[in-house]
Amino acid sequence: MHDDYDFTATFDFSDSDWKAIDQALALLEEKFAMLDDIEGEADEGDFPFDAAAEAYTRKAIGELRKEWVHFVDDSWTDLDEIRGHLLSIDQLRPRLRRLRELCRRGQANVHVIGSEAYDSCLSGQFTLERLGKGERLKRLNEMSTEMRKPHVKALLRNCEDTSLVDDERDEPGS
């Protein structure tokens with residue numbers, strides 16, 4: 001095999017497919033730009049919005065609406081705003097679910113094809129070791145194993161594609 005070998009990607013997307021995907025992502029980013037970029041934990045004093053809080057909110061708004069006259073000038077209990085928030089959640093949630101599923105499938109595929117590429121490289125290393133020529137790959141494998149997650153990018157040159165080297169931890173609970 002030569003460096004000019006005409007290999008193809010695992011997924012046979014055409015250039016126009018990639019362009020359409022990039023345009024769709026750009027449109028999503030543009031349309032979702034109005035969403036706040038909230039980092040970390042909720043501010044002190046904020047109540048967590050979990051399933052129990054959502055159930056309460058959905059039941060409470062019905063009761064609060066029955067007594068709406070008490071909230072006409074109450075900026076802290078704006079019934080229309082509460083209903084608007086719940087409507088936004090209802091509209092956003094199914095779309096986020098679809099995006100999460102796409103991300104999950106994408107990450108699963110990155111993991112599978114990356115594992116296949118890694119296994120193939122190890123197979124090549126073992127073949128070269130049997131021929132007495134695998135020492136360089138063996139050292140490289142040992143270095144990458146030792147530096148497993150946070151520093152593995154240091155092994156790659158700046159110009160090399162690092163898309164398969166995730167910064168995120170894959171271990172549960174991390």
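The legends below describe close-up views of a predicted model, beginning with the whole chain and then turning to smaller groups of residues.

**Figure 1. The whole protein is built from four helices and zero strands.** Read from the N terminus, the order of the elements in this predicted model is α-α-α-α. The protein has 174 residues, and buried residues make up 8% of them. Its accessible surface comes to about 15,800 Å², and carbon and sulfur atoms account for 55% of that area. When contacts between residues at least 6 apart in sequence are considered, 39% of them join residues at least 24 apart.

**Figure 2. Phe-13 and Trp-18 form an aromatic pair.** A search of the whole structure finds one such pair. A pair of aromatic rings is described by the distance of the centres and the angle of the planes. Here the ring centres of Phe-13 and Trp-18 are 4.8 Å apart and the planes stand at 65 degrees to each other, an arrangement that is called edge-to-face because the angle is over 60 degrees. Phe-13 lies in the segment before helix α1, which covers residues 15-31. Phe-13 counts as partly exposed, with 37% relative accessibility, and Trp-18 also counts as partly exposed, at 40%.

**Figure 3. Phe-13 and Trp-18 also belong to a nonpolar surface patch.** The patch measures about 500 Å², and the other residues that make it are Phe-11, Ile-21, Leu-25 and Leu-28.

**Figure 4. Helix α2 packs its buried residues against helix α3.** Helix α2 takes in residues 51-66, and its 16 residues reach 24 Å from the first C-alpha to the last, which is close to the 22 Å expected at 1.5 Å a residue. Its buried residues are Ala-53, Glu-54, Ala-60 and Ile-61, and the helix they pack against, α3, covers residues 79-130. Glu-54 has a relative accessible area of 13%, so it falls under the 20% limit for a buried residue. If neighbours within four places in sequence are left aside, Glu-54 is in contact with Phe-49, Ile-89 and Arg-93.

**Figure 5. A salt bridge joins Arg-58 and Asp-90.** Side chains of opposite charge can pair when their charged atoms come close. In this pair the N to O distance is 2.5 Å. Arg-58 lies in helix α2 and Asp-90 in helix α3, so the salt bridge ties together parts of the protein that are 32 residues apart in sequence. Arg-58 is partly exposed, at 32% relative accessibility, and Asp-90 is likewise partly exposed, at 39%. Both residues belong to a network of salt bridges that links them with Glu-54 and Arg-93.

**Figure 6. Helix α3 holds salt bridges between residues about one helical turn apart.** The count for the structure comes to six salt bridges, and two of them are shown in this view. An α-helix has 3.6 residues a turn, so residues three or four places apart point the same way. Arg-83 and Asp-80 are three residues apart in helix α3, and their side chains meet with an N to O distance of 4.0 Å. Arg-83 is partly exposed, at 39% relative accessibility, whereas Asp-80 is exposed, with a relative accessible area of 58%. Glu-101 and Arg-104 are also three residues apart in helix α3, and their closest N and O atoms are 2.6 Å apart. Glu-101 counts as partly exposed, at 34%, and Arg-104 is partly exposed too, at 47%.

Notes:
Residues are numbered from 1 along each chain as its sequence is written. This is a predicted model: local features need pLDDT of at least 70, side-chain atom pairs count only at pLDDT 80 or more; totals for chains, interfaces and linings use all residues. Side-chain values use heavy atoms; hydrogens and water are left out. Rings of Phe, Tyr and Trp (its six-membered ring) pair if their centres lie within 6.5 Å; planes under 30 degrees apart count as stacked, over 60 as edge-to-face and the rest as tilted. Buried means under 20% relative accessible area, exposed over 50%, partly exposed in between (1.4 Å probe, protein chains only). Helices (H or I, at least four residues) and strands (E, at least two) are DSSP runs, numbered from the N terminus. Contact means heavy atoms within 4.5 Å. Accessible areas come from the Shrake-Rupley method with a 1.4 Å probe; for residues, only the protein chains shown count as cover. Patches are made of residues with over 30% relative accessible area and no salt bridge: like charges are joined within 9 Å, nonpolar side chains (Val, Leu, Ile, Met, Phe, Trp, Tyr) within 5 Å. The expected span of a helix is 1.5 Å times one less than its number of residues.
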